[in-house]
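Me: I'm new to this one. Could you walk me through it in plain words?

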Amino acid sequence: MSDSLNEMLRQTMARITSALADFLPGLLAFFVILLLTTVVAFTLRIIIRRALQRMAFDSRVDQWGLSAVNEWSPANSPTLLIAQAAFLSVLLVGLLLAVSALDTQLTSQLIVELFNYLPHVAAAIFILLAGSLISRFLARSVLIGAVNLQIQSAKLLSVGVKWLVITLAVAMALDHLRIGGAVVQISFAILFGGIVLALALAVGLGSKEMVRQSWERQSDRIDREPEEQLHHL
Amino acid sequence: MPDAITQPGNGESSALAAAVDVVIGVLTYNSADYAADVIRDAEHSLTACFPGRRGVIVHADGGSKDGTQEHAAAAAKDKDAFVQIAYTIYPAQKIYPEWIGVPGKANGVQAVFAAAQAREARACIIVDATVGRPAEGAIANLLRPVLEKEMDFVAPCYIRHKYDGAILNGIVYPFIRALYSRRVHQPIGGDYAVSGKLLRHLMSQVWPDGDSTSWDADAWAIVHSFSGGFRIAEAALGPRHVRPHDPSPETSSILAQALGSLFIEMNRSAGFWQRTRASQAVPGFGPHFDPPADPAPVDPAPMAQSFRLGYQNLLDIYRMILPPATLLELKRMSLQGADDMRFDDMLWARVIYDFALAWRTRSLDRAHLLGALTPLYLGWAASWVRSLRDAGPAEVEERIEALCSAYESQKGYLISRWRWPDRFNP
């Protein structure tokens, strides 16, 4: 009885030892790869940051009219944003390589799935960034245009346009990430319809006076507005 | 009359290409209502005012669809002294309703200058028929200083009432005067005359893009005259028959086009204007005209209201352009009533300079930048109108002179910020 128990324990220990012996090199490789990529990521971050600082990248971004990027950047510095993005990208690739070194079927599948998913993530990030820039540009255009048309609810209009574009961008990004499915589409349709209705009401209520004056002017019922008597040209 | 049109560079009849003293260039685009009158005025000026001189009228049209070319050709009595040429207008310029002046003017002027250069003209005048019909004798008054006084560039000086041309008096004239140190009252007036010498110089320069505005082309020509050291003059032309613009352009659109043209030239000629010193008057020619009768009073309240609305809504944008001290002044103004609001001349000059610098550094989109100036301009206009309410012609001149002095005194601020933009971070 005790012999057979000892034999079972011995076999179990042998299996565990064998499994550990199989797993340990992978684990070691995992940590070594992680360590190396961390060092590479840190070095790359320092190199990129110094190079961009030397060429006054932050000022150049402003000169190129991309000052909106500042708001998305840590410490309002696009240089730090790029350096941080490079650091995290290298770290992510290192992590994936390290996990693959464990050489299990699960991690291999995970990596394949992750690499298949990466283009969707990249596309979603691009859509969000583009949506953010476009929304800011359009919001500013609407704000300035509405103020110059003397529409009292100019800010409301501008904010409405901004969130309309952001909502559209988020819905598109989620669709790309395959998150939410039909729920996102339906929610987006409801939200979009709601925003359009709100905007229609805002424009209708905010500019009814302007529309009335415009019609009256069309039919020559009132004189030109006082400031139009001033000839700007 | 399309068959009569001679494409530039395609060759013209030898009689027309013979050397002449004067070329009168008439630019049109869908100007059927004015083209014939302008051509008749031009012919009359040639025959009545310069009888001993050989002259030719060059009618440059951008492809009008309303029979402008036919009207003009029918109005010309002396067909040997009349030539029609075509110039390119981009489709975007044709469909933009608020374009002021002749679209594609740079191309039109270039075509006229090329024709004048081919004829070795001693003087060439540009008449923009889309803006309006020149006053009687205006063409001759513009040409005379070139032909008889050896001037190289003659700018028009139309008689206008005190509320007329607020952008011109409040921005264009003082700005150009401060930068280039020449007191040309209406530097981008649409019509102007140039000598053969200046014409050859201009033809050798890089021209504005074909899609530039009418004012871009005018500003380009006069700034090249300044920087080339040519002799500048202005000619009194009396009142101008301005052609009504349909649809009437928005103030923001007028302002954007006028300032855009100034800022483009400012950027291009930075090396020159930073070296110029105190302004000098330019010789004036032409008959004396009595000032026009007082216009109907203008209520500044709606303009002040526009300023307040703009300040409240666009403050975030102004923070990107203007320094804190200016913002503080604007805030104080926004709290005042229309009758109390006063836009200080120095402050206004600095605002324009700050916008010019933001245009240069692209602190924000240039169209947004120029659009954001409109409420501030209306605030200044409200203050301007209020200050001119009881002013006679002499007081109006004094006010304009005071404003110009403010622009000139603030030029140092502009130069220091231009040279070291990073030292200032609003």
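What follows is a short run of questions and answers about this predicted model.

Me: Before anything else, what ipTM does the predictor give the complex?
Reply: Happy to start there, since this is a predicted model. Two scores come with the complex, and the pTM is 0.80. The other one, the ipTM, is 0.83.

Me: And which stretch of chain B has a pLDDT below 50?
Reply: Taken as a whole, chain B has a mean pLDDT of 86, and 91% of its residues reach 70 or more. One stretch falls below 50, though it still has 29 contacts in the model beyond near neighbours in sequence. That stretch is residues 1–16 of chain B.

Me: Let's look at chain A. How many helices and how many strands are there?
Reply: Going from the N terminus, the elements read α-α-α-α-α-α-α-α. So by the run-based assignment of helices and strands, the tally for chain A is 8 helices and 0 strands.

Me: What percentage of the contacts in chain A with a separation of 6 or more comes from residues 24 or more positions apart?
Reply: Chain A has 233 residues, and 25% of them count as buried. As for its contacts with a separation of 6 or more, the share from residues 24 or more positions apart is 63%.

Me: Now the place where the chains meet. What area is buried between chain A and chain B?
Reply: The size of an interface is often given as the accessible area lost when the parts come together. Here 25 residues from chain A and 43 residues from chain B take part in the contact. Carbon and sulfur atoms give 60% of the buried area, and that area is about 2,700 Å².

Me: Which element of chain A gives the largest share of the side that touches chain B?
Reply: Between the two chains there are 3 residue pairs in polar contact, counting pairs with both residues at pLDDT 80 or more. On the chain A side, α2 (57–63), α5 (105–148) and α6 (154–176) each supply at least two residues. By class, that side has 10 nonpolar, 10 polar and 5 charged residues. The largest share, 7 residues, comes from α5(A).

Me: How many salt bridges does the rule find across that interface?
Reply: The rule asks for a side-chain nitrogen of Lys or Arg within 4 Å of a carboxyl oxygen of Asp or Glu. Across the interface of chain A and chain B, the number found is 0.

Me: Is B:Asn169 buried or exposed?
Reply: B:Asn169 sits in helix α6 (residues 166–180) of chain B. Away from its neighbours within four places in sequence, its contacts include B:Trp384, B:Ile400 and B:Leu403. A polar atom of its side chain also lies 3.5 Å from the backbone oxygen of B:Asp164. Its relative accessible area is 14%, and the cut-off is under 20%, so B:Asn169 is buried.

Me: Where does B:Asn30 lie?
Reply: Most residues other than glycine have a negative phi. B:Asn30 is not a glycine, yet has a positive phi of about 50°. With a relative accessible area of 25%, B:Asn30 is partly exposed. Its place is the loop between β2 (22–28) and α1 (32–49) of chain B.

Me: What about B:Glu120, buried or exposed?
Reply: B:Glu120 is another non-glycine residue with a positive phi, about 55°. This residue is found in the loop between α4 (105–118) and β5 (123–128) of chain B. The relative accessible area is 58%, and the cut-off is over 50%, so B:Glu120 is exposed.

Notes
Residues numbered from 1 in each chain as written. Chains lettered and ligands numbered in written order. Heavy atoms only, no water. pLDDT = per-residue confidence, 0-100. Contact = heavy atoms within 4.5 Å. Helix = DSSP H or I, 4+ residues; strand = E, 2+ residues; numbered from the N terminus. Buried < 20%, exposed > 50% of the residue type's maximum accessible area, 1.4 Å probe, protein only. Polar contact = N/O pair within 3.5 Å; in protein donor to acceptor, adjacent residues only side chain to side chain. Buried area = accessible area lost by both parts, 1.4 Å probe. Nonpolar A, V, L, I, M, F, W, Y, C, P; charged D, E, K, R; others polar.
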